[in-house]
Amino acid sequence: MGLLLLASTGCGGNSAQPPLPQRATELHCQPLKDHVPVQTLEETGCFQDIETITPGPDLIPYGVRSPLWTDGADKQRWVVLPPTETLQLTHNEIQFPRGTTLVKLFSLTGVQDNALNPSHLERLPMEMRFLVKTETQWEAFTYRFSPDGSTAQLLDASADQEITAHGTTLSYHFPNKSSCETCHRNDKPVLGFEIEQLNFEYDYGPSRENQLTALEDIQALVADPPHKTNELPSLVLPTDTKQPLEDRARSWMHANCSHCHRPGGWAALSQMDLRNSVPLADTGTCDVPMEFAGFSSLFRITPGDPEQSGLLVRVNEMFPYRMPPIGVSITDPNGSALLRAWIEDLQTCPSP
Ligand code: HEC
Ligand code: HEC
């Protein structure tokens, strides 16, 4: 109780509880032993309890403003730093110290099938993904949960599982280690833990706070030079109808397309750059003819005409033409509708 009082007076007096507790002084979460991932999620030391997915004291929760759609899977995310290390914010980029660990849980709700969900869990955990920064590189690996959710085992080969959630059957894809690198590439290994995705007021449970500020408050993030969060880039929530249509569509594409469609990305040869920071005129989309896979009678975007816009057509296609080509077996209904509304609303292409 004493601790709590101290902390709350420290952040301005009347707020009940700070958004994040003080940082852990010991590192429990260590998924690599001698540079190799341990065999089970339990052995990582990252979670106090696997069955209830109770994170250990060194896991700091975070969220992204515009999430990647993966067939409606529910995601939870955490960052772990060695106790004396900090994230550095310089020139709109986050630098990660060695030992940084990023953790992402995928789970599905609405799975009624007894064989797939014998314990009738409300949220059926599927896998726990990790990115760990070593001296030389980032290691990517994932643990697949047992059907009853009590254990999770390191996955070494990719796998697909037919699963029915909320009455819809999807093909859940567990990527293998080397396919993580299709999206998490050397030039930008970390995809969602970035300024524009973090720069919003997150609900930490005890209270809400801008995530960059909350991380600074517990000395997990140090900004040099100091910044004002309202001067840093940010995405918008794609489903927030109070935001401009263009910002919503661009934020959705940033999260769902730009890890491949950017310079250096897996689909760099398409010469489309769908990052939110790039002006529309420079994205290589508007009034630009399609090149690949037999859609060459279309423009990538035809202002005012969604049906004649390859971007939307490829999002609504079936495998192998569907975009994104990996991790999606059911088209994101909100994303598709948003793209349609934005293209419909677009009057002309901006001149370069
Ligand atoms: C199809 C592209 C794609 C593949 C394949 C992929 N990821 Fe990701 N991953 C993303 C994107 C995009 C984000 C950020 C958005 C989010 O968190 O929702 C992300 C986020 C993460 C995060 C949170 C840290 C971060 O980068 O923001 C972890 C950890 C992670 N992925 C691990 C993995 C591992 C391990 C694999 C392979 C088993 C993998 N991913 C395969 C696209 C992919
Ligand atoms: C995992 C990587 C990946 C992601 C994510 C991805 N794409 Fe692609 N995309 C590709 C590759 C590779 C190609 C080139 C081969 C092809 O056309 O299938 C491509 C091609 C395209 C093309 C065809 C361009 C042309 O000129 O013919 C369009 C349009 C497209 N993507 C739109 C999107 C949109 C919109 C998103 C997000 C909703 C997206 N892509 C996400 C990998 C990706």
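## Worked exercises: two domains, two ligands

Leu108 sits opposite Leu124 of β10, and β9 and β10 run antiparallel with 9 bridges between them; strands pair if DSSP finds at least two bridges between them. Helices (H or I, at least four residues) and strands (E, at least two) are DSSP runs, numbered from the N terminus.

Some ground rules before we start. This is a predicted model, where local features need pLDDT of at least 70 and side-chain atom pairs count only at pLDDT 80 or more, while totals for chains, interfaces and linings use all residues. Residues are numbered from 1 along each chain as its sequence is written, and chains are lettered from A and ligands numbered from 1 in the order in which they are written.

**Exercise 1.** Work out how β10 is placed among its partner strands.

*Solution.*
- Step 1: go to the other partner. β10 (123–133) pairs with β11 in the antiparallel sense, this time over 7 bridges.
- Step 2: look at the link. A hairpin of 4 residues takes β10 into β11.
- Step 3: pick out a pair. Arg129 has Thr142 in β11 as its bridge partner.
- Step 4: check the cover. In β10, 9 of 11 residues are buried, where buried means 20 or more other C-beta atoms within 10 Å of a residue's own, exposed means 12 or fewer, and partly exposed is in between, with C-beta atoms placed from the backbone.

**Exercise 2.** Describe the open sheet that contains β7.

*Solution.*
- Step 1: get the order. The 3 strands run β8-β7-β17, with mixed pairing.
- Step 2: find the edges. β8 (93–95) and β17 (221–223) each pair on one side only.
- Step 3: add the angle. Neighbouring strands here are turned by 25° on average, direction ignored; axes are lines fitted to C-alpha atoms, for helices over the stretch in contact, and angles run from 0 to 180 degrees between N-to-C directions.
- Step 4: zoom in. β7 (87–90) and β8 are antiparallel over 3 bridges, and Gln88 faces Gln95 of β8.

**Exercise 3.** Which residues come nearest to ligand 1, and why does it lie between domain 1 and domain 2?

*Solution.*
- Step 1: list the neighbours. There are 29 residues around ligand 1, and Arg129, Cys180, Cys183, Leu191 and Gly192 come nearest; near means a C-beta atom, placed from the backbone, within 6 Å.
- Step 2: find the main supplier. α3 gives the largest share of this shell, 4 residues.
- Step 3: sort by class. The shell has 18 nonpolar, 7 polar and 4 charged residues, with Ala, Val, Leu, Ile, Met, Phe, Trp, Tyr, Cys and Pro as nonpolar, Asp, Glu, Lys and Arg as charged, and the others, Gly among them, as polar.
- Step 4: place the ligand. Domain 1 (20–230) and domain 2 (236–345) both give residues to the shell, so ligand 1 lies between them. The bounds come from an automatic or database domain assignment.

**Exercise 4.** Now do the same job for ligand 2.

*Solution.*
- Step 1: of the 25 residues around ligand 2, Cys257, Cys260, Phe292, Met323 and Pro324 come nearest.
- Step 2: α3, α6 (245–256) and α7 (310–316) each bring at least two residues to the shell. The top contributor is α7, with 4 residues.
- Step 3: the class split is 16 nonpolar, 6 polar and 3 charged.
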